[in-house]
Amino acid sequence: MKKQTLIGLFVSLAAVALLLGGCGGSYQARSVDIKNSLLVNPDILKEGTGDQALYRYQNPAVNLADYSAILIDPVIISKQAELSAGELENYKTLANNFYVYMNQELGKYIAIASSPGPGTLRVQGAIIDADNSKPVRTIISFTPIGIGINLIKYTATGKQTAVGEITAELKVTDAQTGQLIGAALDRRVGGKNPSNIYDTWSNADDAVKYWAKRLAYVVCTTKKLQGCVNPNE
């Protein structure tokens, strides 16, 4: 059975789920199972269009331009069945790197907060394995190594793996009130880079990096800043 590396992770601001499109070593999948939503009630999610996430939610009563800082929560890892030591290490690395990319990309356009405060958004994400054939679910809240400062290399497994695919769920709330502002659920599949064809984790890392850039682009355009970089172009 083809291995899946699925990530559920967080977010979206302004057009909260303008989160996806094609970039580098990963591409948006054609579908994602909405029942795999972990962070929000799937009933509120609507199908996205164009470059948006496959499913998304945006609170029409909130003006994201009013926010000046963003708090990034540790990533949640949710996987059906137990993880081997090697798998767990790679998932932790993926979670850490996603956190680092978020800090790097969002920090270009908005202040990174260390605690809740006025005018502060809160972003939460999760890495989700949606293999419903497995009866056991492992859920871990993972605090990034180095507090989001250093990227980490993936652990070699000694096994060749197929091009990976990951599912990301992102949620944004008001850091003080907890009011839901937006959410996105999306799935990306691995690219065709020959050097990465047997590296699922490399493909997953490409997707994580893309989501960080896409979220930063949404923040930048919402705040009407100059020099916004769209990772789809």
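1. Strand β4 and strand β6 (residues 111-113) run parallel and are joined by three bridges. Within this pairing, Ala 69 has Ala 111 of β6 as its bridge partner. The model discussed here is a predicted one.

2. Strand β4 is also joined to strand β7 (residues 120-128), again in parallel, by four bridges. On that side, Leu 121 of β7 is the residue opposite Ile 70.

3. The side chains of β4 (residues 69-72) alternate in direction: Ala 69 and Leu 71 point one way, Ile 70 and Ile 72 the other, and all are buried. Ala 69, with its partner Ala 111 in β6, and Ile 70, opposite Leu 121 in β7, therefore both fall under the 20% relative accessible area that defines buried.

4. Glu 89 lies in helix α1, which spans residues 85-106. Glu 89 has a relative accessibility of 36%, so it counts as partly exposed. Its C-alpha atom is 6.9 Å from that of Thr 155, although 66 residues separate Glu 89 and Thr 155 along the chain.

5. For the chain overall, the secondary structure consists of two helices and ten strands. Read from the N terminus, the order of elements is β-β-β-β-β-α-β-β-β-β-β-α.

6. Of contacts between residues at least 6 apart in sequence, 83% link residues at least 24 apart. The chain has 233 residues, and 54% of them are buried. About 10,500 Å² of the chain is exposed, with 50% of that area supplied by carbon and sulfur atoms.

Note on methods. Residues are numbered from 1 along each chain as its sequence is written. This is a predicted model: local features need pLDDT of at least 70, side-chain atom pairs count only at pLDDT 80 or more; totals for chains, interfaces and linings use all residues. Side-chain values use heavy atoms; hydrogens and water are left out. Buried means under 20% relative accessible area, exposed over 50%, partly exposed in between (1.4 Å probe, protein chains only). Two strands pair if DSSP finds at least two bridges between them. Contact means heavy atoms within 4.5 Å. Accessible areas come from the Shrake-Rupley method with a 1.4 Å probe; for residues, only the protein chains shown count as cover.
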